[in-house]
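Reader: I would like to go through a model and learn how to read its surface. Please take one feature at a time.

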Amino acid sequence: MIDPNMGFGSYDESEQQNREQDSNMDESSAVNVHENDHKGEITFDSDASSDELIAKLGEMKDDETEDES
């Protein structure tokens with residue numbers, strides 16, 4: 001005969017507490033992606049012409065592909 005008073009109640013309660021603690025930790029350690037949102041404008045002045053900047057970009061891309069091989 002199975003004793004109806006015998007059960008896993010204490011195990012279930014402790015598991016529930018562990019889950020609650022785990023979920024609280026997850027919420028507090030979540031990353032807020034909007035924490036550092038900024039509204040504004042950025043300007044950059046350069047003495048280089050557009051053609052010079054495009055040529056430099058091409059050189060950088062060439063260097064990247066050489067590094068990958």
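Reader: Which residues form a negative surface patch?

Author: This is a predicted model. The negative patch consists of Glu59, Asp62, Asp63, Glu64, Glu66, Asp67 and Glu68. One of these residues, Glu59, belongs to helix 2, which covers residues 50–68.

Reader: Is Glu59 buried, partly exposed or exposed?

Author: Partly exposed means between 20% and 50% relative accessible area. Glu59 has 45%, so the residue is placed in that class.

Reader: What is the secondary structure of the protein, and what share of the residues is buried?

Author: There are 2 helices and 0 strands. Of the 69 residues, 0% are buried. The exposed area of the protein is about 7400 Å², with 49% of it supplied by carbon and sulfur atoms.

Reader: Where is Ser46 placed, and how does its accessibility read?

Author: Ser46 sits in the loop between helix 1 (9–28) and helix 2. Its relative accessibility is 37%, so Ser46 counts as partly exposed.

Reader: What lies 3.1 Å from a polar atom of the Ser46 side chain?

Author: A polar contact needs N or O atoms within 3.5 Å. Here the partner is the backbone nitrogen of Ala48, at 3.1 Å.

How values were computed. Residues are numbered from 1 along each chain as its sequence is written. This is a predicted model: local features need pLDDT of at least 70, side-chain atom pairs count only at pLDDT 80 or more; totals for chains, interfaces and linings use all residues. Side-chain values use heavy atoms; hydrogens and water are left out. Patches are made of residues with over 30% relative accessible area and no salt bridge: like charges are joined within 9 Å, nonpolar side chains (Val, Leu, Ile, Met, Phe, Trp, Tyr) within 5 Å. Accessible areas come from the Shrake-Rupley method with a 1.4 Å probe; for residues, only the protein chains shown count as cover. A salt bridge is a side-chain nitrogen of Lys or Arg within 4 Å of a carboxyl oxygen of Asp or Glu. Lys and Arg count as positive and Asp and Glu as negative; His and the chain ends are not counted. The place of a charge is taken as NZ of Lys, CZ of Arg, CG of Asp or CD of Glu. Helices (H or I, at least four residues) and strands (E, at least two) are DSSP runs, numbered from the N terminus. Buried means under 20% relative accessible area, exposed over 50%, partly exposed in between (1.4 Å probe, protein chains only). A polar contact is a pair of N or O atoms within 3.5 Å; within protein, one must be able to donate a hydrogen and the other to accept it, and residues adjacent in sequence count only if both atoms are side-chain atoms.
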